[in-house]
Number of protein chains: 2
Amino acid sequence: MRLCFTTAAIAALLLPAAALADEGMWLPSQLPEIETAMRGAGFQGDPANLSDLSRPPMSAVVSLGGCTASFVSPQGLVVTNHHCAHGAIQLNSTPENNLIVNGFNAATMADEVSAGPGARVLVTDRFERITDRILADARGKTGRAYHDAVEAASKAAVAECEAEPGYRCSVADMYYGTDFHLVRQLELKDIRLAYAPPDAIGSYGDEIDNFMWPRHSGDFTFYRAYVGPDGLPAAYSPDNVPYRPAAWLEVSTDPLAEGDFAMLAGYPGRTFRHRTAAEFADQVEWQLPSRVELMDALLAAVERGSAGDADAEVRYAAQVAGLKNTLKRAQGELDGLRRSDAVAGRRHEEAVMSEWLAGQPDAAATRADIAAAQEVIAEARATRERDQLFAMLGGRTQLLRGAMQLQRLALERGKPDAGREPGYQLRDEARIEAALKQAQRRYAPAVERAILTELLARHRALPAAQRVPEVEAVFGTDAAATEAALVALYSDTALAAEEERLRLLAADPAEVQASADPLMGAAATLLQAELRFEDEDKARAGELLRLRPAYMRGMIGHARSQGRAVYPDANSTLRVSYGRISSLQPRDAVSWSPLTTVEGIVEKHTGVDPFDAPAPLLAAIARRDFGATVDPGLGTQTVNFLTNLDTTGGNSGSPVMDARGRLVGLNFDSNWEAVSASWKFDPRYKRAIHVDARYMRWIMARVYPAPQLLREMGLPLDQADRQRPAAAAGR
Amino acid sequence: MRLCFTTAAIAALLLPAAALADEGMWLPSQLPEIETAMRGAGFQGDPANLSDLSRPPMSAVVSLGGCTASFVSPQGLVVTNHHCAHGAIQLNSTPENNLIVNGFNAATMADEVSAGPGARVLVTDRFERITDRILADARGKTGRAYHDAVEAASKAAVAECEAEPGYRCSVADMYYGTDFHLVRQLELKDIRLAYAPPDAIGSYGDEIDNFMWPRHSGDFTFYRAYVGPDGLPAAYSPDNVPYRPAAWLEVSTDPLAEGDFAMLAGYPGRTFRHRTAAEFADQVEWQLPSRVELMDALLAAVERGSAGDADAEVRYAAQVAGLKNTLKRAQGELDGLRRSDAVAGRRHEEAVMSEWLAGQPDAAATRADIAAAQEVIAEARATRERDQLFAMLGGRTQLLRGAMQLQRLALERGKPDAGREPGYQLRDEARIEAALKQAQRRYAPAVERAILTELLARHRALPAAQRVPEVEAVFGTDAAATEAALVALYSDTALAAEEERLRLLAADPAEVQASADPLMGAAATLLQAELRFEDEDKARAGELLRLRPAYMRGMIGHARSQGRAVYPDANSTLRVSYGRISSLQPRDAVSWSPLTTVEGIVEKHTGVDPFDAPAPLLAAIARRDFGATVDPGLGTQTVNFLTNLDTTGGNSGSPVMDARGRLVGLNFDSNWEAVSASWKFDPRYKRAIHVDARYMRWIMARVYPAPQLLREMGLPLDQADRQRPAAAAGR
């Protein structure tokens, strides 16, 4: 076998081990294994302490469900990103006191306000390997049966765990079916807002600066978790008392500088770094380019459908923004994966693993399973064009999506709630109702027809083996038939009326399924295809759950033979990443330093949102009123900093800690060059963007003073008690 | 008197002298005066050699009229920017061989093609102080008489100088009337194109990268100057022979690095750095902001006038682009001058000078003249709103401008050509005809009326003292009258027809002046105002020519008392600037290194103009086929570099030289942060952008080979004789 690499790929492979060693979203339990590398990078604590979720500092790191946060006082004070608390801030805003604009500062605990009935702080307190239990019944099975056995065992383990009140439990799949862990989280339900800077600080730069460096956002907010007087989780009540966490992070008062050790803990959502080379190639060579091309075509279809109709343009503005965003992100990911030569790199890793595996005793079964897994993956690829188009029929329409949801719900309602398809359970019905209502503001018949005309033309152009009989039954097999079908469906349907959609939502399932509305009939036909594809998917998912562990054993075995540990792909469980404060060379002749300063706020300030720095902030900068938080090297106040820590969605709000585990910042974003990192960590380009804890302290000491919280965190007040304009005094 | 400064201004004032010493567009004759500073910066030659325009290297630096160039061989080979030679390249392009796309490479001198009858190479060979002669007759006069006496003496000196055939002469005013120099230039008229890279190299990045760093343009082209067989300047003839210059620059073969000494010679057009603090304040506080506001209003007027009329939108596309460009540039200049706190800085300099002057003996007359100059400047400011609006009436319209030009030309044609107002002489008539024809494609009545409605509403809002009686006579004094006048003028005029405009251009002046066309009548009335304002302007210009020298004496005298030399503002005469290869920190946390590399070409390449790098270039980069031109530190091929040299418009094509006077690059642009440098050189932000001579050499050795030119310049061929695709082989 002959392997070919571009120079970029070879350069990436030849990078010094020290640079690569920083990559990784490690399970806390793995940290003792990588102790040498961590110490080499500058870590000064004992990794064994980090591996125990029930002890500090790990037990201080909590999930908000989607975001990460951490306890910073013994009285349940929690710090997270401003953008993670946006809903709570909005909820408590009134026309008289818009907290988004003014910020919020509870003078005493009694002034703290509820973050809402859905707000949660989840404290992970158990993380237990239960692989044998989960796989016991699956062994010997294949396909859909294997999938169902794993699912049933997982549900049973969760139910048993949640039998004890106050906990939320889940089963986490590590290394794609190789290992299963039971995760238990204490579910705190009375969460209150304690402090938020104005939005013009918390999201300074907003969408324009999103993914950008240099950055100047004060993206932090403080919550406090409360429990019932008995110390157990409870819904909001005035009688509740602050939760007393087992651990909280100490906020550092030391300066930061380029090269300093940094680490981060949090709940990253999903990565794909252990996917096969064939999946990498599919992503780079087909998924992303075809997504870009299809989004472009759908944008053109929306434009055609709304040409000369200002009302339709307004109705589709959100969808157009969504299509553009999907397109931009896909293009960015594609550019990044190409720049990193990710496919060639993965092929090389796989080839090296295969060669190693060939020399191992008793590896025949592993090799056979890997080959079988590759087969299943190749098989899925055979229908990728069909799958992409079919998903768009419901995904990018309003009335047709509504009809399909109504038919699916009618079907699912015939099952016990626990047996319903996720997305169609009781708890999802409010969301479905909201979507059916929203369609009223987001629908124009000519645009929906233009979108479907585009999608159906593409469907007709598919090879015969990929064409969907149900789609052909509804929309015909040539352009004229499609046009006639669309005209008939959309002129005769009553679904354009909100009351009719809501009537069907409330109607008896049998009535829905028997509906004479032509669009409801079309949806019933299309539902048959949807169910068939889902069934095929689950069978394939089962096979991959059975076979991928062989691939992972090969990869992990080869890495171990070289003394390297392997972290599992992100799956919303608690992970630790370590690295350092790092500059970035994003392009030829351009260099970004890793610390931004308040001077950049003034440079960007235009007075117009999102660059409308509040007057108290500008005044404090002009006074150079920095006190103890001034950076000794730069002689000014820092704002954000850049590290090479390994992050992805879900890491928002993650505490960034120094070599001794003290809080030095909060993660809140990545750079655009790193948008492809969910597949490939390229140390040349992957950076994470953090709020400097010194900026938080400065804002709370000198700009919108909260001396009570500084005191609670044991931080120096730094003359913060001097009379200053209060946060609520406006901008 | 109490002076107040912002911190930025104080920081600028406190900059180390070493950084400030680099500022300056020095007359070659001043260089011996600043020898210590130049040597301190790293210059290794004798500044006295640079001060003699008849000797190398200065005699090698030539003007193309608008651009700068330099001789680089004893056979009249000239190097300048690709963008300076764009007209010549276009002129020689055919449908079969588009030189813009393909580039051009004359295999032998016989293959060189004419750059056109208007192309010039101007070799400055005399630069003589004639202040006494110019001012002899002016002394004792004031105002308009002073102006006319200086103008008459200048014209006489030029006529006497040009009596010798083959020369173009001019009188250069240094320090605003303080000193006058006679400049004599040999006028070479047979200029031929020898070598040009494809446009996709020569202007890689084009408008998108304009003013931007990092930059990746191969902005160079070679001309050759020819003379008659007698060695004298002559128009193109096949019998002509290459001009043998007295001097030519040696091209360096040494590497470049940050911090290296660099100097540049050329013909910078115009700067305003010695203007008074009041003029600085007027620029920052009124001229630029009001220009931004007015351009914005005119853009809105064009939009109103062309709403729903696609044809009108097309007709005004060029004007809209022009308005936007003017707005963007004014905003950039304004931002820059504010960032540099230019007004406070200039006020400080003036206050220090005044204080010094107060302590000088016999300075009473100087002080009185300075006070009188300030009066004249303040007086001009009293009508600035009127002057800005009046200039727009002709400046931003098509038919009205045409009518005003026809009336003015009819008036001027009554004078001997030399006595006509510049812009209305015989040589200008072809340009006026072209503009009258062009109006056909750029005019829509509704848009012109919308523009005039906007301008006239603003005129009506002026204080009474600024309102123009002639404007009121034509357009009335209230909105209704203006609207009625516009309707009448534009519905009854025949000028919308091209043939009528051209008929009037050819007609007898008396007939034009008596024209019954309402727009021609309006123009005749407005012309009276125009002439009156011009007369006032000239009287004021005469007074300032008389009085400003006192201000300059104060500034120069104070500087001398501190051991500092003062360079005159740029006026298209030969100047020298020295400094070093310099990085730039344009914004918080962003740093630009001073050398770009071919890797940046690949990064920017999209395949779509202006980022469509030609295949031979991409192939040579992929081969890493750099040879002797590789940068030893970076290990790759450099493209452009950045210095802190002092440049402005007119410096395009200027040779950049090393400490020993050898050519290391060509100047071709500035950075956007320096757009305000024509008023204020801020060493933190002012940079100049150059093509690295090593990139030129590499392109000519390895990409589009021209071994004959490398040999002629005495450069190593570097295996360039190896078979390579020729330039004309396409991309």
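**Figure 1. Arg126(A) and Glu128(A) pair up in a salt bridge.** Start with Glu128(A): its relative accessible area is 34%, so this residue is partly exposed. Its partner, Arg126(A), is partly exposed too, with a relative accessible area of 34%. Their side chains meet in a salt bridge, with N and O 3.0 Å apart. Keep in mind, here and in every view below, that this is a predicted model.

**Figure 2. Arg684(A) reaches a buried partner, Asp682(A).** Here's another salt bridge, and its closest N and O atoms are 2.8 Å apart. Is Asp682(A) buried or exposed? Asp682(A) has a relative accessible area of 5%, so it is buried. Arg684(A), at 28% relative accessibility, counts as partly exposed.

**Figure 3. Glu433(B) and Lys437(B) meet along a helix of chain B.** Now hop over to chain B and find helix α18, residues 429–442. Glu433(B) and Lys437(B) are separated by about one helical turn because they sit four residues apart in this helix. Their side chains form a salt bridge, 3.3 Å from N to O. Glu433(B) is partly exposed at 31% relative accessibility, and Lys437(B) is partly exposed with a relative accessible area of 38%.

**Figure 4. Salt bridges can also link up into a network.** The members in this view are Arg408(A), Glu412(A), Lys415(A), Glu421(A), Glu530(A), Glu534(A) and Lys538(A). To put these views in context, how many salt bridges are there over all chains? The count comes to 114.

**Figure 5. Gln407(A) is tucked into helix α17 as a buried residue.** Look for Gln407(A) in helix α17 of chain A, which covers residues 399–412. At 2% relative accessibility, Gln407(A) counts as buried. What does its side chain reach? The side chain of Gln407(A) gets to the backbone oxygen of Val512(A), at 3.4 Å. Setting aside neighbours within four places in sequence, Gln407(A) is in contact with Val512(A), Gln513(A), Met520(A), Ala523(A), Ala524(A) and Leu527(A).

**Figure 6. Phe222(A) sits in the largest nonpolar core.** In soluble globular proteins, nonpolar side chains tend to be buried together. The largest nonpolar core in this model has 227 residues, and Phe222(A) and Phe222(B) are the ones with the most contacts inside it. Leaving out neighbours within four places in sequence, the residues in contact with Phe222(A) include Val72(A), Leu77(A), Leu193(A), Tyr195(A), Met696(A) and Leu709(A). There is also a second, separate core of 63 residues, and among its members are Ala330(A), Leu337(A), Leu409(A) and Leu456(A).

**Figure 7. A loop of chain A holds a cis peptide bond and a positive phi.** The loop between α10 (206–209) and β10 (221–227) is where you'll find Pro214(A). The peptide bond leading from Trp213(A) to Pro214(A) is cis, with omega near 0°. Phe211(A) lies in the loop between α10 and β10 as well. Its phi is near 70°, a positive value in a residue other than glycine. Phe211(A) counts as buried, at 17% relative accessibility. Over in chain B, a cis peptide bond joins Trp213(B) and Pro214(B), with omega about 0°.

**Figure 8. Ser572(B) has a positive phi in a loop of chain B.** This loop runs between α24 (518–561) and β13 (575–580). Phi of Ser572(B) is near 70°, and this residue is not a glycine. Ser572(B) is partly exposed, with a relative accessible area of 43%.

**Figure 9. Chain A and chain B meet around a two-fold axis.** A rotation of 180°, with 0.1 Å of shift along its axis, superposes chain A on chain B with an RMSD of 0.1 Å. That is the relation of a two-fold axis. In chain A, the C-alpha nearest the axis belongs to Ser591(A), 2.5 Å from it.

**Figure 10. The copies meet through the same surface.** Each chain brings residues to the contact: 15 from chain A and 15 from chain B. Why is it the same surface? Because 100% of the interface residues of chain A are also interface residues in chain B. About 1,100 Å² is buried between the chains, with carbon and sulfur atoms giving 47% of that area. Asp588(A), Ala589(A) and Glu603(A) supply 50% of the area that chain A buries against chain B, more than any other three residues. On the chain A side, the elements giving two or more residues are β15 (590–592), β16 (595–597) and α25 (598–604). There are zero salt bridges across this interface, but nine residue pairs are in polar contact.

Note on methods: Residues numbered from 1 in each chain as written. Chains lettered and ligands numbered in written order. Predicted model: local features only at pLDDT ≥ 70, side-chain atom pairs only at ≥ 80, totals over all residues. Heavy atoms only, no water. Core = buried A, V, L, I, M, F, W, Y, C linked by side-chain atoms within 4.5 Å. Buried < 20%, exposed > 50% of the residue type's maximum accessible area, 1.4 Å probe, protein only. Contact = heavy atoms within 4.5 Å. Least-squares fit on C-alpha atoms with pLDDT ≥ 70 in both. Buried area = accessible area lost by both parts, 1.4 Å probe. Salt bridge = Lys/Arg side-chain N within 4 Å of Asp/Glu carboxyl O. Polar contact = N/O pair within 3.5 Å; in protein donor to acceptor, adjacent residues only side chain to side chain.
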